[in-house]
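This report describes the surroundings of a bound ligand. Please look at the sequence and the structure before reading on.

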Amino acid sequence: MVAAPSRAGTAGGVETYGNFVGGEWRPAASGDLFENRNPADRDDLVGRFAASGEEDVRAAVAAAAEAAEGWRLTSAIARSGILLKAAAILESRVQQVGRELTREEGKTLKEGIGETTRAVQILRYYAGEAQQPTGEHYPSMSPATLLYTQREPLGVVAVITPWNFPIAIPTWKIAPALAYGNTVVFKPASLTPLCAVRLVEALAEAGLPPGVLNLVTGAASAVGDPLVRDERVTGITFTGSNAVGGELRKIVAERGAKLQLELGGKNPAIVLADADVDHALGHVVNGAMMSAGQKCTATSRAIVDRELVGPFTERLRERIAGLVVGDPQRPETQIGPLVDEGNAERVAGEIERATQDGARLIAGGGRLTDNGRGRGAYVAPTLFADVDPDSRLGQEELFGPVLGVIAVDGMDEAVAVANRVRFGLSASLFTRDLGRALAFVQGIQAGIVHVNSETAGAEPQVPFGGMKGSSSYSREQGKAARDFFTQLKTVYIDPPPTPVAVAERRSGGAA
Ligand code: NAP
């Protein structure tokens, strides 16, 4: 099936985009639209998108429910072929979509293109996974019994995603959902709907049957809430804040559905006295500041051995103060704006509060408005020293370009401090000592653990997710995605009785 273009038209030179429901691009039932603006320049209107409501959600869920049986029974090889084709389509548009990602989200062009390339890799990966065996054969107590498991899809899955990886995260949820035979209703973050449109276009053009993938854009209250409450939705995969994740937990506990939550982090990078300092510096700065610190795996605490905390902090200050902050489309830019004005103001407020709480501000410290940056959502890369690990800055995810340095005496205290937060997403250790590295891997409470590399690195073929408050004890990506997007069926097959056995039974065993 070749889908119609997503554009519903242009108004005043600005393009408008519809929902994708039942294989067709269409406006919201209300006809209402919402605006999406470039965070680097709020005068730049990226597009207008369908401001959907409950009626649109009901139509999308109905389309997904209607398509579910046919898609479940489509061969895995055919599903794999569609994902592979979608990968090729998106790959042919990587430069364009990467630029659009940067325009609507604000990360640098290199990061925007890199993330879109990652989405292509994920589509390819799940095209391969779709062809892997999914069941297991077991010995039975009865030698004649064929005993095995097979995995079956959940049915209609709701995919709810944040703005900070606006194409990679939707892809790493939607690709496995489809690969394992589910149909999808996708509600993207309202700050980044264009990337969602581009991903759906690629999958639709690759030949997904109508209703298998549906996109509904619009506000959380108008779209997200009715979606998670719809009884026909049997699986919900959500990535976002702990506050919203907590609400979803309650709603789903009442009505029953399979729920996956991937939430926030307060990720530590521990630097021991024996670390290669130059190496650690680069990784701590990149981990904290790339994407303006708006990664769930961003480094937000540098936990540094007291023996080197003074000179290490001074070198961090030099590096952080020297970062080039500006228009993310320009090649020399290292840090773009935050995703919108609201987030920039929120993070600036957190910086102010941390200063009042006693942390020592040594770089950055608030909004940047000079050199044209007043038109965007810019916050200076910010470094605090003498951070109390139990303060708000030491405990809460700020989701911005803010790093706090905490001084500790040795490895044991470092790990104890690192673990003393409610989150457990990712963590790094910098050391040359293999024994300490192994002890760290054993002791740290995090779902993703790095030794001598930054907290934010993640490859798509391995499980991704956190411990404690950072997730719902499930994992995404790699083969782990199969556990969420499928349910097990256990099958006992016994041979029918032979004619001789039937005759024996009829004659009471006298034959
Ligand atoms: P958010 O405010 O929780 O929103 C996430 C998504 O949920 C958006 O699509 C949002 O829609 C929707 N939503 C909000 N309230 C809802 C409700 N009551 N019912 C249904 N849907 C609802 O999070 P965010 O600000 O976009 O993302 C930042 C957070 O995501 C950070 O905490 C970060 O750590 C976390 N994150 C975690 C991971 C991970 O893998 N662990 C990865 C990336 C990000 P609207 O956009 O319309 O509000």
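How many nonpolar, polar and charged residues does the shell around the ligand have? The model is predicted, and in this model the shell has 16 nonpolar residues, nine polar ones and five charged ones. In total, 30 residues surround the ligand. The closest of them are Thr161, Ser190, Ser241, Leu263 and Glu397.

Polar contacts come next. Oxygen atoms of the ligand pair with polar atoms of the protein as follows.

| Residue | Protein atom | Distance to a ligand oxygen atom |
|---|---|---|
| Ala220 | polar backbone atom | 3.1 Å |
| Ser241 | N or O atom in the side chain | 2.6 Å |
| Glu397 | polar side-chain atom | 2.6 Å |

The ligand taken alone exposes 910 Å², and the protein buries 87% of that area.

As for location, the ligand sits in the largest pocket. Three elements give two or more residues to the shell: the helix α7 (220-229), the strand β12 (233-239) and the helix α8 (242-255). Both domain 1 (7-263 + 471-491) and domain 2 (267-451) contribute to the shell, with at least three residues from each. Ser241 and Glu397, which appear in the table, are also among the closest residues to the ligand.

Terms used. Residues are numbered from 1 along each chain as its sequence is written. This is a predicted model: local features need pLDDT of at least 70, side-chain atom pairs count only at pLDDT 80 or more; totals for chains, interfaces and linings use all residues. Side-chain values use heavy atoms; hydrogens and water are left out. A residue is near a molecule or strand if one of its heavy atoms lies within 4 Å of it. A polar contact is a pair of N or O atoms within 3.5 Å; within protein, one must be able to donate a hydrogen and the other to accept it, and residues adjacent in sequence count only if both atoms are side-chain atoms. Accessible areas come from the Shrake-Rupley method with a 1.4 Å probe; for residues, only the protein chains shown count as cover. On a 1 Å grid over the protein atoms alone, a cavity is a set of points where a 1.4 Å probe fits but cannot get out, and a pocket is an open set with protein on both sides within 12 Å along at least five of seven lines; lining residues have an atom within 4 Å of a point. A molecule sits in a cavity or pocket if more than half of its atoms lie within 2 Å of its grid points. Helices (H or I, at least four residues) and strands (E, at least two) are DSSP runs, numbered from the N terminus. Ala, Val, Leu, Ile, Met, Phe, Trp, Tyr, Cys and Pro count as nonpolar, Asp, Glu, Lys and Arg as charged, and the others, Gly among them, as polar. Domain bounds come from an automatic or database domain assignment.
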